[in-house]
Structure formats: C-alpha cells, structure tokens
Amino acid sequence: MADARVALRVDVALELGADPIRGTVCDGTGPAREFAGWLELMSAFDGVRAPAAVGAAPPVQLYMFAGSNAVQTAVLMLAHKGIAHEEVHLERGAHVARMPELGFSQTTVPALRIGERRIQGTRTIARALDDLRPEPRLFPTDPARRVLVEDAERRGEELQNAARRLFYWAIMRTRPTPTRRYAAEHHGATDAAARRDLAELPARLDEIDAWLDDGILGGEALNAADFQIAPSVARLACFEDLAPLVAGRPAVAHARQVAGENEAHVPAAFPREWLAPAGPS
Ligand SMILES: N[C@@H](CCC(=O)N[C@@H](CS)C(=O)NCC(=O)O)C(=O)O
C-alpha cells in the first residue's frame with residue numbers, strides 16, 4: 001500500500017496531581033483505549049496504531065477537478081474524517097469520456113475508488129465514507145435526526161445541480177468557451193431551466209436558513225448535509241446577479257465557515273425579469 005498513515009484521535013484530560021494525564025486513543029473504527037499516565041499513553045498509541053496499520057485500510061483515490069461544488073463536498077467530507085487519499089486530477093469536460101475508461105459506470109466527478117470499489121455521486125460517497133471510517137459521523141445515529149439530515153442533504157444535491165446549471169447559463173453568456181458550451185448543453189442549462197432555478201432559489205435559501213435555525217445544519221458536529229450545501233451556497237454567493245438575494249443570509253455565513261471563501265466571480269448575465277426582488281421571500 002502506498003500510504004499506510006493512520007489518523008488517531010486522542011482525548012486528554014490534564015489534572016494537577018501525581019499522575020496528571022489520562023484519556024483515550026482511538027482510530028475511529030475500533031474501541032477506544034484508555035490510558036492513565038505518560039507510560040500508558042505510549043502503549044495505548046501502540047495498541048491502536050499497530051492493528052489499524054495492519055488492518056490495512058484500502059487505498060482511497062478521489063477523481064476530481066478543481067472549481068466544482070460537488071467535488072468540494074467530497075473533499076470536505078474526506079478532510080472531516082481525516083481519510084488519507086490520492087487526488088486524481090482530470091481535465092474538466094474531457095472527464096466525461098475519461099470516467100468510463102477508468103471503469104466508472106457514470107461520467108460524473110467526484111468519484112472515489114476505495115480499494116476495488118468505484119463510487120460516484122456525493123450522497124453515495126457520504127455513506128461509503130461513514131462505512132469506511134465511522135467516526136466522526138456524517139449522519140446522526142438517532143434515526144429521527146438522520147431522516148432530517150438526509151432530507152436536507154437530498155435537497156442540497158438539488159441545489160448543487162441548480163447552481164451548476166445557473167453557472168453554465170451565466171458563464172456562457174459572459175465568457176463562453178467550447179468546453180463551457182459543451183457543459184451547458186450537457187447539464188441542461190437551458191433558458192427554461194435557468195428561469196425555473198432562479199425562481200426556486202429564494203425558497204431554497206429560506207429553507208437552508210431554517211435548517212440552520214433548527215440546528216439541522218451548522219451544529220457542533222458538522223454532517224453530510226452541511227458539506228453538501230455549503231459549497232453550492234458559496235458558489236451562488238459569487239454571482240453578481242444574486243448579491244441582493246444572498247446578502248446577510250445565515251446560509252452564506254455558514255457556507256463561508258464550512259467551505260471557505262470562494263473567490264470566483266460570475267458576472268451579471270440574467271435578464272432582470274428572471275431575478276426575484278431582493279428581501280425575504
Ligand atoms: N449531483 C451529482 C453530480 C455531480 C456532477 O454533475 N458533477 C459534474 C462536475 S461539477 C460532472 O462531472 N458532470 C459531468 C456529467 O454530468 O456527465 C453528485 O452529487 O455527485
């Protein structure tokens with residue numbers, strides 16, 4: 001295996017006293033090992049690290065290109081779990097032909113190879129990552145809460161697809177290239193789709209603000225819906241046309257916090273009459 005690194009989680013309590021350190025070490029898959037004192041800390045490390053390294057986590061490869069909101073979702077989830085992986089950078093556009101050549105059944109990125117398994121689709125990837133390394137979890141263990149997170153994640157993927165269509169519609173009118181023309185057609189970024197996506201956007205953003213209010217998003221432990229939604233909201237916040245719609249929204253603050261600043265700029269392109277008036281919908 002090329003990379004046998006193992007991420008261990010250590011929880012430590014320090015006290016004033018004769019034996020001032022105690023806590024646990026775990027690798028997120030097996031049981032945690034307790035330690036009390038410096039010597040036990042070292043043997044707890046060895047006890048967890050050795051089987052984890054030998055238990056040979058399968059190699060993970062992420063097929064991707066930079067600048068995709070869907071790819072960013074996968075990148076964030078891998079980082080959240082601390083899963084070591086190799087990035088396989090593909091050429092945007094050309095990847096549609098490349099993915100089947102690489103043995104994938106669909107043409108989209110992000111795509112993961114976990115050992116011999118090939119996985120595509122951000123929502124499928126989220127579940128595969130929770131199987132591969134259960135902690136920290138992408139989905140809550142409480143079944144009722146899980147349903148809420150899964151619902152937000154599913155709606156988040158709809159937003160992801162809408163953000164992509166809007167991006168290609170706008171960029172085709174302002175900075176067209178042959179690759180963008182192909183992508184716009186490929187993703188169905190038609191006038192009718194862009195108009196519908198814009199009309200739905202205020203309600204989608206309201207919904208995200210409400211999930212933040214309810215703690216379904218933006219909690220202490222981030223979940224798969226946080227990672228699904230944040231990159232797409234961050235992308236939408238780059239549209240000049242959408243500035244009045246996104247201004248001051250909790251959804252945008254959350255997106256920046258989870259996905260970081262998106263420096264892209266999408267120049268104004270949409271007809272005025274397609275854009276919702278600013279203010280709460
Ligand atoms: N919604 C899917 C689709 C991702 C997607 O459409 N990715 C784009 C790049 S941002 C792509 O690879 N498109 C090529 C295609 O649709 O064939 C997901 O969450 O994985």
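Six bridges join strand β1 to strand β2 (residues 21–26), and the two strands run antiparallel. Within this pairing, V12 has G23 of β2 as its bridge partner. Strand β1 itself covers residues 9–14 and is hardly covered by the rest of the chain: the count of buried residues among its six residues is zero. The model in which this pair appears is a predicted one.

The protein chain as a whole holds ten helices and seven strands. Its C-alpha trace spans about 70 × 45 × 35 Å along the principal axes. Of the 281 residues, 33% count as buried. Among contacts in the protein chain with a separation of 6 or more, 64% are made by residues 24 or more positions apart.

Beyond the β1 and β2 pair, there is an open sheet of four strands. The order across this sheet is β5-β4-β6-β7, and the pairing is mixed. Strands β5 (86–89) and β7 (117–120) are the edge strands, each pairing on one side only. Neighbouring strands of the sheet are turned against each other by 20° on average, with direction ignored. At the β7 edge, β7 pairs with strand β6 (residues 111–114) in the antiparallel sense, over four bridges. One position in this pairing is R113, whose bridge partner in β7 is R118. In a regular strand, side chains alternate between the two faces of the sheet.

Turning to the helices, one packing can be followed in detail. Two packed helices are described by the angle between their axes and the distance between the axes. Helix α7 (residues 191–214) and helix α10 (residues 250–259) pack at an angle of about 70°, and their axes are 8 Å apart. Because angles of 65 to 115 degrees count as roughly perpendicular, α7 is roughly perpendicular to α10. On the α7 side, the contact involves L205, I208, D209 and L212, which meet P250, A251 and H254 in α10. By class, this contact has five nonpolar, one polar and one charged residues.

The last region to consider is the surroundings of the ligand. The ligand is surrounded by 13 residues, and the closest are S68, A70, T107, T108 and T122. Which helix gives the largest share of the shell around the ligand? Helix α5 (residues 143–174) does, with four residues. By class, the shell around the ligand has three nonpolar, eight polar and two charged residues. For the contact of α7 with α10, the corresponding counts are five nonpolar, one polar and one charged.

How values were computed:
Residues are numbered from 1 along each chain as its sequence is written. This is a predicted model: local features need pLDDT of at least 70, side-chain atom pairs count only at pLDDT 80 or more; totals for chains, interfaces and linings use all residues. A residue is buried if 20 or more other C-beta atoms lie within 10 Å of its own, exposed if 12 or fewer, and partly exposed in between; C-beta atoms are placed from the backbone. Two strands pair if DSSP finds at least two bridges between them. Axes are lines fitted to C-alpha atoms, for helices over the stretch in contact, and angles run from 0 to 180 degrees between N-to-C directions. Angles under 35 degrees count as roughly parallel, over 145 as roughly antiparallel, 65 to 115 as roughly perpendicular and the rest as oblique. Two residues are in contact if their C-beta atoms, placed from the backbone, lie within 7 Å. Ala, Val, Leu, Ile, Met, Phe, Trp, Tyr, Cys and Pro count as nonpolar, Asp, Glu, Lys and Arg as charged, and the others, Gly among them, as polar. A residue is near a molecule or strand if its C-beta atom, placed from the backbone, lies within 6 Å of it.
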